[in-house]
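Work through the exercises below with the sequence and the model open. Try each task before you read its solution.

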Amino acid sequence: MFENKNRYLLKQIRYDVRTGLRQNIWLLVVYFVGTIVFTQVQLHEFVDMNLGISWGSGIGALFKGINELSELKHNFNSFRIPIEWMWFHICYLIGIAAYPMHDYDERGYQFLIRAGNKKIWWISKCIWVIVYCSISYVIFFAGIGVSNIISMKSFSVDDDTYFGSLYSYISHGQLYYIIFVMPILVMIATAMLELMAVFIKNEIVGIICVFSYIVISAYKKNPILIENYIMISRYNFSNLHNELIVGTFICVIVIFVSAVVGYMNFKKKEWGNHKCI
C-alpha cells in the first residue's frame with residue numbers, strides 16, 4: 001500500500017513538472033525577455049549617476065525597492081510605482097494560479113479513480129510550486145546575466161559601486177543572503193499563499209488577493225509583509241541579522257500554513273461521487 005502511494009506520488013510529480021512547464025513555457029519566455037528589458041532600462045540610472053556597473057548593479061536595480069508611503073508623503077514628487085520590483089512576481093504568479101486549477105478541472109478526476117487519494121495530488125502540486133518557483137528564479141537571474149553581457153559589464157558583485165557601499169554596514173554573507181536566498185524564499189511563500197487562495201475560492205480571486213498583498217507591501221513596511229524582504233531599501237542594516245532571521249522564519253511559516261490550510265480546503269472539493277482518502 002505504502003509503495004503504491006509512493007509510486008503514484010512520483011508519477012504525479014513527474015506529470016506536474018512536465019505538464020506544468022509545458023503549459024507555462026510562454027510565460028517563462030516572457031519572464032526571461034522582460035527581465036532583460038527591465039534590467040537594461042534600470043541600468044541607465046546607474047550610468048546617469050556615474051556608478052560602477054556590474055552584475056550586482058542589475059540585481060540592485062530590480063531589488064532596490066522604494067521608501068514606504070509614510071516617508072513618501074513628505075515628498076510626494078518622489079512617489080512612483082516600483083514596476084521593476086513588481087515584475088519579479090508577475091509571470092511566475094500567473095503560472096502558479098493557472099496550472100493547478102486547470103489540472104484539477106481537466107485531469108483530477110481521472111487521477112482520483114486510479115489513486116483514490118487527494119493528499120498525493122496536493123503534495124505533488126506543492127512540490128510543483130517549489131520546482132516552478134526555482135526555475136523562474138534561475139530564469140530571472142539568467143535574464144539579469146544576459147543583460148549584463150549585452151552591456152559588456154563584469155559579473156562581480158563585490159566590486160560593484162551599488163553594493164560596495166553597503167560593505168561598511170553588512171558582511172558579504174549577509175548581502176548574498178539578501179539578494180540570493182531571500183528572493184527564492186519569498187517566491188515560494190507567496191506562491192503557496194496564492195495556491196491556498198486559488199483552492200479556497202478560484203484563480204481570479206487568488207491572483208487579486210496576492211497582487212493586492214504585493215501592492216500593499218510595496219508601500220508599507222511590516223514584518224508580516226514578506227515582500228519587504230526583497231526590497232534592499234527596507235532593511236535596517238544596524239539590525240540586519242535579526243531581520244533576516246525573522247524574515248526567514250515568517251517565510252517558512254507562511255509556506256507551511258498555506259500548504260496545510262490549502263489542503264484542508266482542497267479536501268472539501270468533490271470529484272464526482274468517489275470517496276477520497
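**Exercise 1: A charged pair**

Lys 125 and Asp 16 form a salt bridge, and their closest N and O atoms are 2.8 Å apart. The pair joins distant parts of the chain: Lys 125 sits in helix α7 and Asp 16 in helix α1 (residues 2–23), 109 residues apart. This is a predicted model, where local features need pLDDT of at least 70 and side-chain atom pairs count only at pLDDT 80 or more, while totals for chains, interfaces and linings use all residues. Residues are numbered from 1 along each chain as its sequence is written, and side-chain values use heavy atoms, leaving out hydrogens and water.

Task: Explain why the contact between Lys 125 and Asp 16 counts as a salt bridge.

Solution.
- Step 1. Recall the principle. Side chains of opposite charge can pair when their charged atoms come close.
- Step 2. Take the cut-off. A salt bridge needs a side-chain nitrogen of Lys or Arg within 4 Å of a carboxyl oxygen of Asp or Glu.
- Step 3. Apply it. The closest N and O atoms of Lys 125 and Asp 16 are 2.8 Å apart, so the pair counts.

**Exercise 2: The surroundings of Lys 125**

Task: Place Lys 125 in its helix, then decide whether Lys 125 is buried or exposed.

Solution.
- Step 1. Find the helix. Lys 125 belongs to α7, which covers residues 118–150. Helices (H or I, at least four residues) and strands (E, at least two) are DSSP runs, numbered from the N terminus.
- Step 2. Check accessibility. Lys 125 has a relative accessible area of 0%, so Lys 125 is buried. The classes are buried under 20%, exposed over 50% and partly exposed in between (1.4 Å probe, protein chains only).
- Step 3. Check the partner. Asp 16 is also buried, at 0%.
- Step 4. List the contacts (heavy atoms within 4.5 Å). Leaving aside neighbours within four places in sequence, Lys 125 touches Gln 12, Asp 16, Tyr 99, Pro 100 and Asp 103.

**Exercise 3: From pair to network**

Task: How many salt bridges does a search of the whole structure find?

Solution.
- Step 1. Count. The search finds two.
- Step 2. Add the other pair. Asp 103 forms a salt bridge with Lys 125, with the closest N and O atoms 3.0 Å apart. Asp 103 lies in helix α5 (residues 83–106) and Lys 125 in helix α7, 22 residues apart.
- Step 3. Check burial. Both Asp 103 and Lys 125 are buried.
- Step 4. Join them up. Salt bridges link Asp 16, Asp 103 and Lys 125 in a network.

**Exercise 4: Two helices side by side**

Task: What is the relation between the axes of α9 and α11?

Solution.
- Step 1. Read the geometry. The two axes come within 8 Å and cross at roughly 20°. Axes are lines fitted to C-alpha atoms, for helices over the stretch in contact, and angles run from 0 to 180 degrees between N-to-C directions.
- Step 2. Classify. The crossing makes α9 roughly parallel to α11, a class for angles under 35 degrees (over 145 is roughly antiparallel, 65 to 115 roughly perpendicular, the rest oblique).

**Exercise 5: Two isoleucines in α10**

Task: Which accessibility class does Ile 204 have, and which has Ile 216?

Solution.
- Step 1. Ile 204 lies in helix α10. Its relative accessible area is 56%, so Ile 204 is exposed.
- Step 2. Ile 216 is found in helix α10. At 48%, Ile 216 counts as partly exposed.
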